[in-house]
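Subject: Structure handover and what was found in it

Dear colleague,

I am passing the structure on to you below, together with its sequence. Please have both open while you read the notes that come after.

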Amino acid sequence: DAASTSDPLMLDEMDTTASTVYGIQPEDWSHAALSVVVVGASGDLARKKIYPSLFALYYEGHLPEHFHIYGYARSKMSDTEFREYISGSLTCRLSEKDKCGDKMEMFLQRCLYHAGQYANKSDFATLSERMAGTEQDRQRANRIFYLSIPPSIFTDVAACASEAASSVSGWNRVIVEKPFGRDLASFQELSSELSKSLSEDQMYRIDHYLGKELIENLTVLRFANLVFEPLWSRQYIRNVQVIFSEDFGTEGRGGYFDQYGIIRDVIQNHLLQIVSLFAMEAPVSLDAEDIRNEKVKVLRSMRALSMDDVVIGQYRGRKTKSTKLPGYLDDKTVPPDSLCPTFASVALFINNARWDGVPFLLKAGKALASRRAEIRVQFRHVPGNLFRNRLGLDLDRATNELVIRIQPDEAIYLKINNKIPGLGLNLDVTKLDLTYRDRFEGHLPDAYERLILDVVNGDKRLFIRNDELDAAWRLFTPILKEIEEKKVVPELYPYGSRGPVGSHYLAAKHGVRWG
Ligand code: NDP
Ligand code: BG6
């Protein structure tokens, strides 16, 4: 009985055929080839995340036997030069299994590079011919195009790839990275342009937070346990906090960041996706469409936001004894008078029977005191608590709290009130604690590994549907517009602090103390 033993569970030895649980027919790869095209392969994301994840999938035997990966970008590189470029980012981090070096070499031999322009069909046609060369002895060729490029060229690439490089003997799937527009209008335009070349079925819009272990587990936690779901409503939950904080600034990405700001970069997508999964009704089944139907209902039930619900901040430089931490405006790629928010907290309300009146407080910030992402669920007071006068029981702090720590150090814990063992009756808050590193031994897959594997398997559960994005932009566009048109000045906060004081006032207004 696994639950009764204290031995850690070995993750690497567990069954990974989860796709069948979600109603996905496993593909028969015995006569099929897979070609993955990483468009923008010379860029940061490709090197940092996409190739290492593909290597990890290969290493663990999750990619079909006949696969090749084609890097595509304008930069001129030979296959050998490209292999050198990416090889530094590949690691044998999964476990210290034998022959990792050999596997890496075998993987790199499957990585090819093709230089071309993004709006040039004949460059894509030549790429397609090269792919046909490595796919030739298979009955079917399935192709994945990963658009790891700035959104300004998404539509050109989608058009060229679909007209000149799609497979005719198998399926074609396209992974699209965020940002999906800057507001409702630009999102709708992008979406309508992309739909000229791609069907909804072919499109996999990635939000890598949905690929994180603890986020995928949210549905399991809620719907595979009896104890949580009955409490999952306004009747017992006082507030929900979704917190994202990073202990580093936008150094090196200021140029991109200044165009977007923290609301578009993190809140409108990653945190809002978490809220919709957290708050949705039980789906009819685990089918992707059923889950996304429920998520979109939550998004569409949200009360319109006003500026009273939002606090924005921007980090400023700070001197410590040993170093000088730069402010956002010290970044040379940021305009010196930028009002771009690097911090925001937002109070959301879901106007439905389950959540009416419960504040969902979202907070995201760069250059804060720590790096963490958490969901904190604070429960109501125990009515008529018999122990209200006992030593150690501060009623305000003694409400139960469920914490889902997404990263780092993944954990789920429930704060409970407990008698301090011994004579007498003193109470204290303590934790029922499921810390993953203590319970599970082995490697947790990176979000990108899970999501890329889902694309190979055709599992869309963790990808975002068009109408979800539409609802998300409808919610945030008015306040983004107001912040920009009225040039709302962000409250400054020191690098490495807990963020602007205004955020505490916002929480206090809703009777919440940030966790
Ligand atoms: P990059 O800015 O590094 O761009 C990727 C490649 O696209 C570059 O190597 C370059 O290749 C080409 N490129 C860059 N700018 C232009 C341009 N203006 N016109 C044409 N081609 C251009 O992006 P990232 O790799 O950082 O990110 C890729 C995508 O993923 C983006 O949409 C980004 O928003 C998103 N993303 C990135 C994250 C990250 O951590 N980096 C996190 C989440 C999302 P070449 O010049 O060789 O053609
Ligand atoms: C990206 C944002 O989507 O997520 C970045 O653009 C942010 O600004 C990153 O740093 C955080 O991702 P993770 O997985 O490191 O928490």
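What follows goes through the sheet, the helix contacts, the ligand surroundings and a few points of the backbone.

Please keep in mind throughout that this is a predicted model.

I begin with the sheet. Nine strands make up an open sheet with mixed pairing, and their order across it is β17-β16-β15-β14-β8-β13-β12-β9-β19. The edges are taken by β17 (427–435) and β19 (491–494), and because each of these has a single partner strand, one side of each is left without a neighbour in the sheet. On average, and with direction ignored, neighbouring strands of this sheet are turned by 20 degrees against each other.

Within that order, strand β14 (residues 372–379) can be followed on both of its sides. Towards strand β15 (residues 401–407) it runs antiparallel and is joined by six bridges, with Gln378 having Glu401 of β15 as its bridge partner and Ala373 standing opposite Gln407 of β15. Towards strand β8 (residues 237–245) the pairing is also in the antiparallel sense, over eight bridges, and here Gln378 of β14 is the bridge partner of Asn239. Gln378 is therefore worth finding in the viewer, since it is the bridge partner of Asn239 and is also paired with Glu401 in β15. As a general point for reading such a sheet, side chains in a regular strand alternate between its two faces.

Next come the helices, where α12 and α9 each take part in two of the contacts described here.

The axes of helix α6 (residues 184–195) and helix α12 (residues 466–485) come within 9 Å of each other and cross at roughly 160 degrees; since angles over 145 degrees count as roughly antiparallel, α6 is described as roughly antiparallel to α12. The crossing of α6 past α12 is left-handed. On the α6 side the contact is made by Leu184, Phe187 and Ser191, and on the α12 side by Asn466, Leu469, Trp473, Arg474 and Thr477, which by class gives four nonpolar, three polar and one charged residues.

Helix α9 (residues 288–300) also has an axis that comes within 9 Å of that of α12, but here the crossing is at roughly 15 degrees, and that makes α9 roughly parallel to α12. This crossing, too, is left-handed. Arg292, Lys295, Val296, Leu299 and Arg300 in α9 meet Asp467, Glu468, Ala471, Ala472 and Leu475 in α12, and the residues of this contact divide into five nonpolar, no polar and five charged.

On the contact of α9 with helix α8 (residues 254–279), the axes come within 8 Å and cross at roughly 110 degrees, which makes α8 roughly perpendicular to α9. In this case the crossing is right-handed. Ser276, Leu277 and Ala279 of α8 make the contact with Lys295, Val298 and Leu299 of α9, and by class there are four nonpolar, one polar and one charged residues in it. Lys295 and Leu299 of α9 thus appear in the contact with α8 as well as in the one with α12.

The model also holds ligands. Ligand 1 is surrounded by 18 residues, and the closest of them are Gly43, Leu45, Ala73, Arg74 and Ser75. The element that gives the most to this shell is helix α1 (residues 44–59), with three residues, and by class the shell has nine nonpolar, five polar and four charged residues. Around ligand 2 stand His208, Glu246, Asp265, Val266 and Ala373, or two nonpolar, one polar and two charged residues by class. Ala373 links this site to the sheet described above, as it stands opposite Gln407 in β15.

Finally, three points of the backbone may deserve a look. The peptide bond from Lys178 to Pro179 is cis, with omega near 0 degrees, and Pro179 is found in the loop between β6 (172–176) and α6. A cis peptide bond also joins Gln407 and Pro408, with omega about -15 degrees, and Pro408 lies in the loop between β15 and β16 (411–419). Ala367, although not a glycine, has a positive phi of about 55 degrees, and its place is the loop between β13 (360–365) and β14.

With best regards

Terms used:
Residues numbered from 1 in each chain as written. Chains lettered and ligands numbered in written order. Predicted model: local features only at pLDDT ≥ 70, side-chain atom pairs only at ≥ 80, totals over all residues. Near = placed C-beta within 6 Å. Helix = DSSP H or I, 4+ residues; strand = E, 2+ residues; numbered from the N terminus. Nonpolar A, V, L, I, M, F, W, Y, C, P; charged D, E, K, R; others polar. Pairing = 2+ DSSP bridges. Axes fitted to C-alpha atoms, helices over the stretch in contact; angles between N-to-C directions. Parallel < 35°, antiparallel > 145°, perpendicular 65-115°, else oblique. Left-handed = near helix turned anticlockwise from the far one by under 90°. Contact = placed C-beta atoms within 7 Å.
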